[in-house]
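Q: Please take me through one part of this structure up close. Start from a single side chain and work outwards, showing which contacts it makes and what surrounds them.

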Amino acid sequence: QLQLVESGGGLVQPGGSLRLSCAASGFTLDSYAIGWYRQAPGKEREGVSCISSSGGITYYVDSVKGRFTISRDNAKNTVYLQMNSLKPEDTAVYYCAVAPERVPLVTTTYCAASKFGSWGQGTQVTVSS
């Protein structure tokens, strides 16, 4: 059974860093594009970053460019989101999701969010002093 488990969230002060992990089980990630999403209280879910199945193409929403880095380790069947220079507005539950990439789903300016599914349970990130 396909399963994603996010971890690495927590409470951090503004300017701090966290590294989120998304571990897959029941399938191998190497043919899947992966996306990180977040949802803050009272707000719609937002796409944060995506990475192509090859790992060679990444997408970031403007608000996190230069601060967040997505990466994947297919040997560990895990995807990461390194978050630096965190701001209070980054506070949200962060989720990962996957999509089999039979056609390109990720460019540097676009991520086909509607194609992603198999959501994990999420990990809470709180940025506060």
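A: In this predicted model, Trp 119 is partly exposed, with a relative accessible area of 30%. Begin there and follow its ring. Tyr 95 and Trp 119 form an edge-to-face aromatic pair. Their ring centres are 6.5 Å apart, and the planes meet at 90°. This pair links distant parts of the chain. Tyr 95 belongs to strand β9, while Trp 119 sits in the loop between β9 and β10. The two are 24 residues apart. Is Tyr 95 buried or exposed? At 19% relative accessibility Tyr 95 counts as buried, because the cut-off for buried is under 20%.

Now look for other ring pairs. The whole structure has four aromatic pairs. One of them joins Tyr 37 to Trp 119, again edge-to-face. Here the centres are 4.8 Å apart, with 70° between the planes. Tyr 37 comes from strand β4 and Trp 119 from the loop between β9 and β10 (123–127). That contact spans 82 residues of chain. Tyr 37 is buried, at 4% relative accessible area. Step back and the rings add up to a group. Tyr 37, Tyr 95, Phe 116 and Trp 119 are linked by ring pairs into a cluster.

Trp 119 has a charged neighbour as well. Arg 45 lies over the face of its ring, 3.8 Å from the ring centre.

Next, the sheet behind these rings. Which strands form it, and in what order? Six strands make an open sheet in the order β2-β10-β9-β4-β5-β6, with mixed pairing. β2 (10–12) and β6 (58–60) are the edge strands, so each pairs on one side only. From one strand to the next, the twist averages 25°. At the β2 edge, the neighbour is β10. These two strands run parallel and are joined by three bridges. Leu 11 stands opposite Thr 126 in β10. One general point helps when you turn the model. In a regular strand, side chains alternate between the two faces of the sheet.

Return to β4, the strand that holds Tyr 37. Another residue there deserves a look. Arg 38 is buried, with a relative accessible area of just 6%. Even so, Arg 38 makes charged contacts. Its salt bridge with Asp 90 has its closest N and O atoms 2.9 Å apart. Arg 38 lies in strand β4 (residues 32–39), and Asp 90 in the loop between β8 (78–83) and β9 (92–100), so the pair ties together parts that are 52 residues apart in sequence. Asp 90 is buried, as is Arg 38. Arg 38 also meets Glu 46 in a salt bridge, at 2.8 Å from N to O. Glu 46 counts as partly exposed, at 29% relative accessibility.

How many salt bridges are there in the whole structure? The search finds four. One of them joins Lys 65 to Asp 62, with the closest N and O atoms 3.0 Å apart. Lys 65 is partly exposed at 46%, and Asp 62 is exposed at 62%. Salt bridges with shared partners join Arg 38, Glu 46, Arg 67 and Asp 90 into one network.

The loop with Asp 90 starts from β8, so finish on that strand. β8 is mostly covered, with five of its six residues buried. What pairs with β8? Strand β3 (residues 18–25) does, antiparallel and over six bridges. Within that pairing, Ser 21 has Tyr 80 as its bridge partner. Tyr 80 has a charge over its ring too. The charged end of Arg 19 sits there, 4.2 Å from the ring centre.

Strand β7 (residues 68–73) also runs antiparallel to β8, joined by six bridges. In that pairing, Thr 69 is matched with Gln 82. β7 and β8 form a hairpin, with four residues between the strands. There, Asn 77 takes a positive phi near 55°.

How values were computed. Residues are numbered from 1 along each chain as its sequence is written. This is a predicted model: local features need pLDDT of at least 70, side-chain atom pairs count only at pLDDT 80 or more; totals for chains, interfaces and linings use all residues. Side-chain values use heavy atoms; hydrogens and water are left out. A salt bridge is a side-chain nitrogen of Lys or Arg within 4 Å of a carboxyl oxygen of Asp or Glu. Buried means under 20% relative accessible area, exposed over 50%, partly exposed in between (1.4 Å probe, protein chains only). Rings of Phe, Tyr and Trp (its six-membered ring) pair if their centres lie within 6.5 Å; planes under 30 degrees apart count as stacked, over 60 as edge-to-face and the rest as tilted. A charge sits over a ring if NZ of Lys or CZ of Arg is within 6 Å of the ring centre and within 35 degrees of the ring normal. Axes are lines fitted to C-alpha atoms, for helices over the stretch in contact, and angles run from 0 to 180 degrees between N-to-C directions.
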